[in-house]
Amino acid sequence: MDIEITEHQESEVFDGHQIAPQFAIALKDFIYKNISLSASINGRSSAASGQSVNDVTDTKINIDTVTVTAVGITFDSTNKRFTALAAGNYIVSGVVIYQTTTDVKLYQAVLFKGLSGGSSSAYSKSSLISGGGTYSLSIVISDIVTLAVGDYIELYTFHNSGLAESTLAGSWLAIGKI
């Protein structure tokens, strides 16, 4: 729906309908404060290549290619993370893609939340047990995370296959303020 608000002396037009000026003021205020600003804070980055993931080790995914330019947040290409410039709740999603898996082993995508003071810890995990046979595996994770200014989000993975495994290009991390 397109929103068009034009001002008149006695009434205003919203989406082709006449509305009271008091309602139009409240509606404009709501739109500008809650929709326009929140919707513009987002970003997405992906891994341009695969990487080796050692057994029983939390490994940061090498997200190095910006696929949606970060707006209202900072993407740190050196540390592979998104950093909040505004406090609030964010929807964070990610995918880790393994090239092959070892039969009946644990594979995880993990969101790490870092505090502006420097410490970080696992915030949310999505786990899968590989089924019969070896095949590629995509692990999806999504959560709502409360971030203060300077807090950051990173995407990690973990497995216990007994040997080093490889991810494929295309693993990604996305964030949007809600």
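**Exercise 1.** Find which residues touch the most other members of the largest nonpolar core, and which strands supply it.

*Solution.* Step 1: of the 25 residues in the largest nonpolar core, the ones touching the most other members are Tyr 90, Val 92, Ile 153, Leu 173 and Ile 175. Such a core is a set of buried Ala, Val, Leu, Ile, Met, Phe, Trp, Tyr and Cys residues joined through side-chain atoms within 4.5 Å; buried means under 20% relative accessible area, exposed over 50%, partly exposed in between (1.4 Å probe, protein chains only).
Step 2: at least two residues of this core come from each of strand 8 (73–76), strand 9 (81–84), strand 10 (88–98), strand 11 (106–114), strand 13 (137–147), strand 14 (152–159) and strand 16. Strands are DSSP runs (E, at least two residues), numbered from the N terminus.
Step 3: strand 13 gives the most, five residues.

The model is predicted: local features need pLDDT of at least 70, side-chain atom pairs count only at pLDDT 80 or more, and totals for chains, interfaces and linings use all residues. Residues are numbered from 1 along each chain as its sequence is written, and side-chain values use heavy atoms, with hydrogens and water left out.

**Exercise 2.** List contacts of Tyr 90 beyond its neighbours within four places in sequence.

*Solution.* Contact means heavy atoms within 4.5 Å. The partners include Ile 41, Ile 73, Ala 84, Asp 143, Ile 175 and Ile 178.

**Exercise 3.** Place Ile 178 and state whether Ile 178 is buried or exposed.

*Solution.* Step 1: Ile 178 lies in the segment after strand 16 (172–177).
Step 2: Ile 178 has a relative accessible area of 51%, so Ile 178 is exposed.

**Exercise 4.** What share of the 178 residues is buried?

*Solution.* Buried residues account for 40%.

How values were computed
Helices (H or I, at least four residues) and strands (E, at least two) are DSSP runs, numbered from the N terminus.
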